[in-house]
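User: Hi! I have a model open on my screen and would like to walk through a few of its features with you. Shall we start?

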Amino acid sequence: MEESKQEETESEATERKTYMTMLVEDYKIAFQDGAKEKTLDLWLYRDGEEWLVNTYEIIGDQQPGNFTAESFQDVLGHNGFRVFIRCFQGTSYHYYKKDYYAMEEEPVLLAYCWGSMDGDTYQVDVDGDGIDELICNVQWMADGAEDVFIYHYDGEKIWRGYGSDLLDEDFVSTGIGSVITEYLPLENKMHIQYWQEEIQGFAEKDYDIDLDKIELWEFQGN
């Protein structure tokens, strides 16, 4: 009985529509209809093995064609592929979620961020160790908060921190939006605006990126 159920499951998976496939080094990835309605599965195949990398929910106006991927070289010391998910905010604005995967013994999520498709993410060797950090300007769509994700690879683990940690000025938090942080790629600086009650406005300051002044924690996909 168990074998017949397994055969049925594999048959159903084979019949699901595939929307995109891509060869990356010695493996292949494919987007396919998910087992549940309004979902899309990302599969990876190598040497006769397969992995269900992620199941994405298709939300609102999204279509399977809004999910694309491309390969990358030497991001956080790894080669792999990134997934672009076009997301809609109202009728006149869209942005992209971006997931970065590497293939080791199995697929590994290196980083994620969101913003424009071609901008808002930068590779910079901040600490001079020969491995680029991944710097991502992000804005939360629910409340408009703006900060910077900084991903760092130490040769063993991926770590993540916030650019706003560099702020060394006193300020009184009045809630979300009291601190606005943006990475400026041309200047290679972290630009931070912080609310000042005495002037009822924002002061601003630029910082060099110093990983020792940023609280980093091990990135585990969340």
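User: How many of the 7 residues of strand 2 are buried?

Analyst: Happy to help, and please keep in mind that this is a predicted model. Strand 2 covers residues 27-33. It is largely enclosed by the rest of the structure, because the number of its residues that are buried is 5 of the 7.

User: Which strands does strand 2 pair with, and in which sense?

Analyst: Let's take the partners in turn. Strand 1 (residues 18-24) is joined to strand 2 by 6 bridges, and here Met-20 has Phe-31 as its bridge partner. Strand 3 also pairs with strand 2 over 6 bridges, with Lys-28 partnered by Tyr-45. So the names you want, going by the bridges that define pairing, are strand 1 and strand 3, both antiparallel.

User: Which residues take a positive phi in the hairpins of strand 2?

Analyst: The hairpin of strand 1 and strand 2 has 2 residues between the strands, and there Glu-25 has a positive phi near 50 degrees. In the hairpin of strand 2 and strand 3, with 5 residues between the strands, the phi is near 65 degrees and belongs to Lys-38.

User: Is Arg-46 buried or exposed?

Analyst: Arg-46 is found in strand 3 (residues 39-46). Leaving aside neighbours within four places in sequence, its contacts include Asp-26, Tyr-27, Trp-51 and Glu-105. A polar atom of its side chain lies 3.3 Å from the backbone oxygen of Glu-104. Its relative accessible area is 18%, and the cut-off is under 20%, so Arg-46 is buried.

User: Which strand gives the largest share of the largest nonpolar core?

Analyst: This core has 39 residues, and among those touching the most other members are Ile-29, Phe-31 and Leu-42. Ile-29, for instance, is in contact with Met-20, Leu-42 and Phe-81, among others. The largest share, 5 residues, comes from strand 7 (residues 93-103).

User: How many residues does the second, separate core have?

Analyst: In general, nonpolar side chains tend to be buried together in soluble globular proteins. The second core includes Val-124, Val-148, Ile-150 and Ile-209, and its residue count is 15.

User: Which are the edge strands of the open sheet of 3 strands?

Analyst: The order in this sheet is 13-14-15, with antiparallel pairing. Strand 14 (residues 189-196) is joined to strand 15 by 7 bridges, and Met-190 stands opposite Tyr-207 there. An edge strand here pairs on one side only, which picks out strand 13 (179-184) and strand 15 (201-207).

Definitions and conventions: Residues are numbered from 1 along each chain as its sequence is written. This is a predicted model: local features need pLDDT of at least 70, side-chain atom pairs count only at pLDDT 80 or more; totals for chains, interfaces and linings use all residues. Side-chain values use heavy atoms; hydrogens and water are left out. Helices (H or I, at least four residues) and strands (E, at least two) are DSSP runs, numbered from the N terminus. Buried means under 20% relative accessible area, exposed over 50%, partly exposed in between (1.4 Å probe, protein chains only). A polar contact is a pair of N or O atoms within 3.5 Å; within protein, one must be able to donate a hydrogen and the other to accept it, and residues adjacent in sequence count only if both atoms are side-chain atoms. Contact means heavy atoms within 4.5 Å. A nonpolar core is a set of buried Ala, Val, Leu, Ile, Met, Phe, Trp, Tyr and Cys residues joined through side-chain atoms within 4.5 Å.
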